[in-house]
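Work through the exercises below with the sequence and the structure side by side. Try each task on your own before you read its solution.

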Amino acid sequence: MSVSERGFRQQVERRPVTRRNFIVWYLGGLLTALVAAVIAPILVYIWPPAGQTKQQVINLTLSTALDEIKEGTAVLFQAPSATGFVMTDGGGDNYPGKIGFKGFLVNYQGTLIMLSATCSHLGCQVNQPSGTPPIFQCPCHGSQFNLNGTVHHGPAVAPLSHYAWKATGPNKIAVIGVSLPGVG
Ligand code: FES
């Protein structure tokens, strides 16, 4: 037997696998698996694998025909399960490319505009506009937005974001969004 083989055998003989070692290794493995199971879905949600963030057209049917949305009013819509809408601009907590899940089609001074319902302060959903003039109110910290999305009252400092869209029928629209498997 060579000197190195003898040394190895001595090491193994000196460090037998005790029940205590086995339990420590077993619990270590269990803990690692648990951490991976919790963290992996979060990482996939934050950084979806390439291909899952590919933009797609999301077709929606609104509760109101486009030409029946009265001036000064807004129609709420939301993304179907496992999809989201892509913001084209934004400030504060919003930014171009951020995903939103609700929006408003607004008749602002006779023109239809589309706004994200995601508050630019910290991301809550603003309520349907109300009052005179109509104002979007955020239930979380009291921010208010004018009907065209500009800030009426803080703490938000940036306007509501927009989505890219087009009309596809009397009460149908197509909005640029993404597929989000496992969300919603
Ligand atoms: S999240 Fe809307 S005011 Fe804070």
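**Exercise 1. A sheet and its edges**

In which order do the three strands β2, β5 and β6 form an open sheet, and is the pairing parallel or antiparallel?

*Solution.* Keep in mind from the start that this is a predicted model. Begin with the order of the strands, which is β2-β5-β6, and then note their sense, since the pairing is antiparallel. Next look at the edges: β2, residues 74–78, and β6, residues 111–116, each have a single partner strand, so one side of each is left without a neighbour in the sheet. From one strand to the next, the twist averages 25°. Finally, examine one of the pairings in detail: β2 and β5, which covers residues 102–108, are joined in the antiparallel sense over five bridges, and F77 has G103 in β5 as its bridge partner. As background, the strands of a sheet pair through backbone hydrogen bonds.

**Exercise 2. The chain as a whole**

Determine how many helices and strands the protein chain has, and state how they follow one another.

*Solution.* The count gives two helices and eleven strands. Reading from the N terminus, the elements run α-α-β-β-β-β-β-β-β-β-β-β-β. The chain has 184 residues, of which 24% count as buried. As a last step, consider the contacts between residues at least 6 apart in sequence: 57% of these join residues that are at least 24 apart.

**Exercise 3. The partners of β3**

With which strands does β3 pair, and over how many bridges?

*Solution.* Take β11 to start with: β3, residues 83–86, and β11, residues 172–179, pair in the antiparallel sense over three bridges, and within this pairing G84 stands opposite V178. Then turn to β4, residues 99–100, with which β3 pairs over two bridges, again in the antiparallel sense. Here V86 has I99 as its bridge partner.

**Exercise 4. Backbone exceptions**

Find what sets the backbone apart at P133, at P155, at A82 and at Q109.

*Solution.* Start from the general rule that most residues other than glycine have a negative phi, and that most peptide bonds are trans. For the prolines, check omega: the peptide bond from T132 to P133 is cis, with omega near -5°, and the bond from G154 to P155 is also cis, with omega near 15°. P133 lies in the loop between β6 and β7, while P155 is found in the loop between β9 and β10.

For the other two residues, check phi: the value is near 65° for A82 and near 50° for Q109, and both values are positive. A82 sits in the loop between β2 and β3, and Q109 in the loop between β5 and β6. To decide on exposure, use the cut-off of 12 or fewer other C-beta atoms within 10 Å. A82 has 12 such neighbours and therefore counts as exposed, and Q109, with 10, is exposed as well.

**Exercise 5. The nonpolar core**

Which residues have the most contacts inside the largest nonpolar core, and which strands each supply at least two of its residues?

*Solution.* The core has 29 residues, and those with the most contacts inside it are F85, F104, L105, V106, V126, Y163 and V175. The strands that each supply at least two residues of this core are β1, β2, β3, β5, β6 and β11. Now follow F104 alone: leaving aside its neighbours within four places in sequence, F104 is in contact with A74, V75, L76, L115 and A117.

**Exercise 6. A second sheet, and H152**

Describe the sheet that contains β9, and then the surroundings of H152.

*Solution.* Three strands form this open sheet in the order β7-β8-β9, with antiparallel pairing. β7 and β9 stand at the edges, and because each has a single partner strand, one side of each is left without a neighbour in the sheet. The twist averages 35° from one strand to the next. Between β8, residues 144–146, and β9 there are two bridges, and F145 stands opposite V151.

H152 lies in β9, and with 16 other C-beta atoms within 10 Å it is partly exposed. Setting aside neighbours within four places in sequence, its contacts are I135, Q144, F145 and N146. The C-alpha atoms of H152 and I135 are separated by 7.8 Å, although the two residues are 17 apart along the chain.

How values were computed. Residues numbered from 1 in each chain as written. Predicted model: local features only at pLDDT ≥ 70, side-chain atom pairs only at ≥ 80, totals over all residues. Pairing = 2+ DSSP bridges. Helix = DSSP H or I, 4+ residues; strand = E, 2+ residues; numbered from the N terminus. Axes fitted to C-alpha atoms, helices over the stretch in contact; angles between N-to-C directions. Buried ≥ 20, exposed ≤ 12 C-beta atoms within 10 Å, placed from the backbone. Contact = placed C-beta atoms within 7 Å. Core = buried A, V, L, I, M, F, W, Y, C linked by C-beta atoms within 7 Å.
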